[in-house]
Amino acid sequence: MKNHNTQLPNKDDAEKGLKRNLKTSQLTMISMGCAIGTGLFLGSGLAIQTAGPSVLVSYALGAFVVLLLMGCLAEMTVAHPTSGSFGTISEKYVHPLAGFLVRYSYWIANVLAVGVEVSAIAVYMKYWFPSVPGIVWILVFAAILIYVNATSVNTFATFEYWFSMIKISAIVGFILLGSYVLFGTDARPNMGTDNFVNDGGFLPFGWWGMWVAVFISLFSFLGTEMIAVTAGEAKEPDVAVPKALKATVFRLTTFYVLTIGIMLMIVPWKSAQVDKSPFVKVMEILNIPAASGIMNFIILTAALSAMNSQLYASTRMMFSLSQSKHAPAFLGRLSKKGVPLWALAVSTLGIFLAAAVNGLLPSSSYAFMMGISMFGAMFTWLMIFVSHLYFRKKWEKSGGRKLPVRMLGFPYFTILGAILLLGLMITTWFTDFKIMLQFGIPWLAFLSIAYFISKKRKVNHHFAEDMANSSLKEELEELEELR
């Protein structure tokens, strides 16, 4: 097998111009902000209906998969802090095709996810302005967040920090309020731990329901890998990235398990509705004034935050593709403030697609966009595990510097993470999430064909250049002889 270079180029050589301005606290909040979105505020209702009380185990297993993923990612990202991140690592340590597939899949996942969130925003704004067409809100909020991303990485990070702070404060407030109701006062007869075993027991849908809900729980954790993408613009990535990853996984796991546990103790699981946030249901039961309005504002903030992060991630991934000559060179150009504006412009594709789908299918645009956006993210996670197996072996064989962060239990935990994630992806074929694979498999086939066509053209181009240079050299030698 051909050696594809186990040493990556220096970050400053590969991605010149990006500013290293992000702090550890900003990295943590960006990752948590991207992960805490509509998956928790709305998707938790679907998870509860799928698994019943055993959803607590589902979220714990989902968190375990993410913990393994973050361990692999931390080790590789500290060794190579670039905005190409796992895509660049896959290219260098596995195969150029792997890097091509990962970066384009992650790019399209985030581009489409931007469309998912902006479609959701159009729905949320109807709560206050029911007569205003959804496309108006899509264009208004899209314009604001494009401006934020186009200004500078610090502007983006500042907005994301405060977006995340609102969501995290809401979750902490919910946990405190729920705990007070359950343990600080005389709880109502239908509240408490008995709700974990009532109405069919802890596993009302068996182990299958619990397992399917693990996949749903992963929706809530998607976005934690954002830290690896932001590492290319982080101050002291050797220190910042491991701290941010550990803090993110610990806080997310704590928030999710505690939040859903409190939900189930207050609201019997059969009362959790898919079409209404369980958060709203709890506040209605507790007679919190203006509960729906408060929750709608928090969910709107969650969608804006996720959209902001996804626009950033897709822009940096397209920039990385350009730097690796897998996309046109102009997409790698930077503004004076170090922002890849052309890559940002291309990455707004999902917004316009969402606007079109919203106009044609106003009632189902959100579900459609979400279904086709999920494959790229899950495929990227799987390839992070695969890349780590190649990375560690080639790094140690090449005699590279001692890794400051190392994944425990290598290679067993890395293989376990890959098997669990692959099993969950295959599971979707037998559920309502089948559209993920129906879109994803043809997408990978299309990308593979595009890669080999592109590679063949490059080979022919280089061959033509070599022939032209050789012919020119011969003509110069003949002229020299005539003289």
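Phenylalanine 205 is partly exposed, with a relative accessible area of 41%. In this predicted model, the ring of phenylalanine 205 pairs with that of tryptophan 269, a residue that is buried at a relative accessible area of 4%; the ring centres are 5.5 Å apart and the planes stand at 80°, so the pair is edge-to-face. Phenylalanine 205 lies in the loop between helix H9 (153-184) and helix H10 (206-221), and tryptophan 269 in the loop between helix H12 (237-266) and helix H13 (278-285), so the pair ties together parts that are 64 residues apart in sequence.

**Overall architecture**

- The chain contains 19 helices and 0 strands.
- Of its 483 residues, 56% count as buried.
- Among contacts with a separation of 6 or more, 83% are between residues 24 or more positions apart.
- About 20,900 Å² of the chain is exposed, and carbon and sulfur atoms supply 66% of that area.

**Aromatic pairs**

- Across the whole structure, a search finds 17 aromatic pairs.
- Tryptophan 137 and phenylalanine 141 form a tilted pair, with 6.2 Å from centre to centre and 35° between the planes.
- Both of these residues, tryptophan 137 and phenylalanine 141, belong to helix H8, where they are 4 residues apart, about one turn of the helix.
- Tryptophan 137 has a relative accessibility of 14% and therefore counts as buried.
- Phenylalanine 141 is likewise buried, its relative accessible area being 14%.
- A cluster linked by ring pairs comprises Phe100, Tyr104, Trp107, Tyr451 and Phe452.

**Helix H8: a buried asparagine**

- Asparagine 149 is placed in helix H8, which spans residues 134-151.
- The relative accessibility of asparagine 149 is 2%, so this residue counts as buried.
- The side chain of asparagine 149 makes a polar contact of 2.9 Å with the side chain of asparagine 308.
- Leaving aside residues up to four places away in sequence, asparagine 149 touches Phe156, Asn308, Leu311, Tyr312, Val339 and Leu344.

**Helix H8: a nonpolar surface patch**

- Ile135, Val136, Leu139, Val140, Ile144 and Phe352 make a nonpolar patch of about 500 Å² on the surface.
- Helix H8 gives the most to this patch, contributing 5 residues.
- Valine 140, one of the patch residues, is located in helix H8.
- With a relative accessibility of 38%, valine 140 counts as partly exposed, because that value falls between the limits of 20% for buried and 50% for exposed.

**Backbone features in loops**

- Most residues other than glycine have a negative phi, and most peptide bonds are trans.
- The peptide bond joining phenylalanine 410 and proline 411 is cis, with omega at about 0°.
- Proline 411 is situated in the loop between helix H17 (365-397) and helix H18 (412-427).
- Aspartate 199 is a residue other than glycine with a positive phi, near 55°.
- The loop between H9 and H10 holds aspartate 199, and phenylalanine 205 lies in that loop as well.
- Aspartate 199 counts as partly exposed, at 39% relative accessibility.

Definitions and conventions. Residues are numbered from 1 along each chain as its sequence is written. This is a predicted model: local features need pLDDT of at least 70, side-chain atom pairs count only at pLDDT 80 or more; totals for chains, interfaces and linings use all residues. Side-chain values use heavy atoms; hydrogens and water are left out. Helices (H or I, at least four residues) and strands (E, at least two) are DSSP runs, numbered from the N terminus. Buried means under 20% relative accessible area, exposed over 50%, partly exposed in between (1.4 Å probe, protein chains only). A polar contact is a pair of N or O atoms within 3.5 Å; within protein, one must be able to donate a hydrogen and the other to accept it, and residues adjacent in sequence count only if both atoms are side-chain atoms. Contact means heavy atoms within 4.5 Å. Patches are made of residues with over 30% relative accessible area and no salt bridge: like charges are joined within 9 Å, nonpolar side chains (Val, Leu, Ile, Met, Phe, Trp, Tyr) within 5 Å. Accessible areas come from the Shrake-Rupley method with a 1.4 Å probe; for residues, only the protein chains shown count as cover. A salt bridge is a side-chain nitrogen of Lys or Arg within 4 Å of a carboxyl oxygen of Asp or Glu. Rings of Phe, Tyr and Trp (its six-membered ring) pair if their centres lie within 6.5 Å; planes under 30 degrees apart count as stacked, over 60 as edge-to-face and the rest as tilted.
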